[in-house]
Amino acid sequence: MNWAAFTTAAPDLAAVTERRFGAFRHHVLATLRRDGSPRTSGLEADFRGGELWLGMMAGSLKALDLRRDPRFTLQANPGEGTGTAGGDVRIAGRAYEVGEDGTKAAYVEEVEPPQPFHLFRTELTEVVRTYVEDDRYLVVQVWRPDAPVRTLRRT
């Protein structure tokens with residue numbers, strides 16, 4: 001399921017997620033190293049044309065990780081201090097590299113990223129938002145494909 005399908009399935013959560021990622025330029029990408037341990041790296045997320053794109057420097061370790069194992073988690077930058085306005089948001093899924101075809105060429109023409117680079121298209125498996133409501137409840141919203149958003153509240 002791509003970003004466009006997610007926005008259709010869960011429009012309110014998608015809007016909050018885009019706002020959280022739009023609040024800051026750099027976010028944290030988690031990939032899996034060859035030995036299965038996690039690797040975290042800075043990344044700029046790009047929501048464009050109904051897709052969530054992940055672009056990275058040619059030969060970067062995170063790109064090599066995704067080529068080997070496409071699973072990832074992308075954590076929105078929480079911002080300064082301890083208040084995460086809009087909540088804590090993360091996206092999980094699989095990222096697949098876009099080859100040197102018309103898709104990548106169109107992206108390059110529109111975005112003009114530094115060359116050379118890797119471009120990955122994502123398929124979402126989960127979006128989670130955690131926030132505090134009324135200074136009383138910890139609220140967790142969880143979306144997965146083919147299921148409505150599930151909301152859990154804890155005191």
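Student: Over the ring of which residue does the charged end of R129 sit, and at what distance from its centre?
Tutor: The model is a predicted one, so the distance is a property of the predicted coordinates. A charge counts as sitting over a ring if the CZ atom of Arg lies within 6 Å of the ring centre and within 35 degrees of the ring normal. The charged end of R129 sits over a ring in this sense, and the ring and the distance from its centre are Y131 and 3.8 Å.

Student: Over the face of which residue does K104 lie?
Tutor: K104 is also among the residues that H118 touches. The ring centre in question is 4.6 Å away, and the ring over whose face K104 lies is that of F117.

Student: Is H118 buried or exposed, and what is its relative accessible area?
Tutor: H118 lies in strand β7, which covers residues 117–133. Buried requires a relative accessible area under 20%. H118 therefore counts as buried, its relative accessible area being 6%.

Student: With the side chain of which residue does the side chain of H118 make a polar contact?
Tutor: The side chain of H118 reaches the backbone nitrogen of G59 at 2.9 Å. It also makes a polar contact with another side chain, at 2.6 Å, and that side chain belongs to E97.

Student: Which residues have the most contacts inside the largest nonpolar core?
Tutor: This core has 23 residues, and the elements that give two or more residues to it are α1 (3–9), α2 (11–22), β4 (51–57), α3 (61–68), β5 (71–75), β6 (88–97) and β7. A second, separate core of five residues includes W53, V98, F117 and L119. Inside the largest core, the residues with the most contacts are F6 and L54.

Student: Which residues form one aromatic cluster with W3?
Tutor: A search of the whole structure finds six aromatic pairs. Leaving aside residues up to four places away in sequence, F6 touches M1, P11, L13, A14, L124, V127 and W143. The cluster that contains W3 is completed by F6, F21, F47 and W143.

Student: Along β5, which side chains point to one face and are buried?
Tutor: In a regular strand the side chains alternate between the two faces of the sheet. Along β5 they do alternate, with R71, T73 and Q75 pointing to one face and not buried, while the side chains that point to the other face and are buried are those of F72 and L74.

Student: Which residue stands opposite L74 in β6?
Tutor: β5 pairs with strand β1 (residues 27–32) in the antiparallel sense over three bridges, and in that pairing A30 stands opposite T73. β5 and β6 also pair in the antiparallel sense, over five bridges. The residue of β6 opposite L74 is I91.

Student: Which residue stands opposite V140 in β9?
Tutor: β8 and strand β9 (residues 150–154) pair in the antiparallel sense over five bridges. Their hairpin has six residues between the strands. Within this pairing, V140 stands opposite L152.

Student: What phi does D146 take in the hairpin of β8 and β9?
Tutor: Most residues other than glycine have a negative phi, and most peptide bonds are trans. D146 lies in the loop between β8 and β9, and it is exposed, with a relative accessible area of 79%. Although D146 is not a glycine, its phi is positive, at about 65°.

Student: What is the phi of E112, just after α4?
Tutor: E112 is found in the loop between α4 and β7. At 65% relative accessibility, E112 counts as exposed. Its phi is positive in a residue other than glycine, with a value near 55°.

Student: What is the omega of the cis peptide bond that joins Q115 and P116?
Tutor: P116 has its place in the loop between α4 and β7. The peptide bond that joins Q115 to P116 is cis, with an omega of about -15°.

Student: How far apart in space are D134 and T103, C-alpha to C-alpha?
Tutor: At the start of helix α4 (residues 102–111), a side-chain oxygen of D101 reaches to within 3.0 Å of the backbone nitrogen of T103. D134 lies in the loop between β7 and β8 (137–143), and it is exposed, with a relative accessible area of 66%. D134 and T103 are 31 residues apart in sequence, and their C-alpha to C-alpha separation in space is 45 Å.

Conventions: Residues numbered from 1 in each chain as written. Predicted model: local features only at pLDDT ≥ 70, side-chain atom pairs only at ≥ 80, totals over all residues. Heavy atoms only, no water. Helix = DSSP H or I, 4+ residues; strand = E, 2+ residues; numbered from the N terminus. Buried < 20%, exposed > 50% of the residue type's maximum accessible area, 1.4 Å probe, protein only. Polar contact = N/O pair within 3.5 Å; in protein donor to acceptor, adjacent residues only side chain to side chain. Contact = heavy atoms within 4.5 Å. Core = buried A, V, L, I, M, F, W, Y, C linked by side-chain atoms within 4.5 Å. Phe/Tyr/Trp six-rings, centres within 6.5 Å; stacked < 30°, edge-to-face > 60°. Pairing = 2+ DSSP bridges.
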